[in-house]
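Student: I would like to go through this model by way of its packing. Can we take it one question at a time?

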Amino acid sequence: MIVAFSVQPTGEPSDPTLRRALQEGSDSASVHDAVAAAVRIVRDSGLPHRTSSMFTEIEGEWDEVMDVVRRATDAAGRYGSRVSLVLKADIRPGRTGELDGKIERMERALGPHR
C-alpha cells in the first residue's frame, strides 16, 4: 500500500521542552520543525518514501506503514496541543514498487510531448 499523509500541529507545544524561537520576520504559522520531526521518523523507517512540499508518501505493508504514520504524527504532535492528520491510501495487495511505478506509467502515457 501507499499512504500519502500530512500532519500539522496547532496550539502551544504539548512537550514543555520545546520552545519556538521565532526570528524577526518569521512566519508564526510555520510548522517546519514539526514536519521535520515527522519526516525523520519516516526516513528512519527504512520504507520507500517521498516527501513533497505538502505530503509525505510511504510504501509498505498495512501494519508497518500505519505504525510509521502513528509515530510520525506523535512526533509532530509534540509541537502543538492538537494535531491534524490528512491521510490518503492506495491499497493494492500483492503490489510493490508502486511509489515509482505509478509515476513511470503516467510519464509513459504522456509520451514525448510533455
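**Buried side of a helix**

Tutor: This is a predicted model. In H2, the buried residues are Val65, Val68, Val69, Ala72, Thr73, Ala75, Ala76 and Gly77.

Student: What covers the buried residues of H2?

Tutor: Buried here means under 20% relative accessible area. For the buried residues of H2, the cover includes helix H1 and the strands S1, S3 (56-59) and S4.

Student: How far does H2 reach from its first C-alpha to its last?

Tutor: H2 has 16 residues, and 1.5 Å a residue is the rise used for the expected span. The expected value is 22 Å, and the helix comes close to it, reaching 22 Å.

Student: Which element gives the most to the largest nonpolar core?

Tutor: That core has 14 residues, and Val3, Phe5, Val42, Ile58 and Val65 have the most contacts inside it. At least two residues each come from strand S1 (2-10), helix H1 (32-45) and helix H2 (62-77). The element that gives the most, with 5 residues, is H2.

Student: Which residues of H2 (62-77) is Val3 in contact with, beyond its neighbours within four places in sequence?

Tutor: The contacts of Val3 outside that window include Thr56, Glu57, Ile58, Leu87, Lys88 and Ala89. H2 spans 62-77, and the contacts of Val3 with numbers in that range are Val65, Met66 and Val69.

Student: Why can Val86 belong to a nonpolar patch on the surface?

Tutor: Val86 lies in strand S4 (residues 82-90) and shares the patch with Met54 and Phe55, with about 290 Å² of accessible area together. Patch residues need over 30% relative accessible area. Val86 qualifies on that count because it is partly exposed, with a relative accessible area of 43%.

Methods: Residues numbered from 1 in each chain as written. Predicted model: local features only at pLDDT ≥ 70, side-chain atom pairs only at ≥ 80, totals over all residues. Heavy atoms only, no water. Core = buried A, V, L, I, M, F, W, Y, C linked by side-chain atoms within 4.5 Å. Buried < 20%, exposed > 50% of the residue type's maximum accessible area, 1.4 Å probe, protein only. Helix = DSSP H or I, 4+ residues; strand = E, 2+ residues; numbered from the N terminus. Contact = heavy atoms within 4.5 Å. Patch = residues over 30% accessible without salt bridge, like charges linked within 9 Å, V, L, I, M, F, W, Y side chains within 5 Å. Areas by Shrake-Rupley, 256 points an atom, 1.4 Å probe, with all protein chains shown as cover. Salt bridge = Lys/Arg side-chain N within 4 Å of Asp/Glu carboxyl O. Expected span 1.5 Å × (residues − 1).
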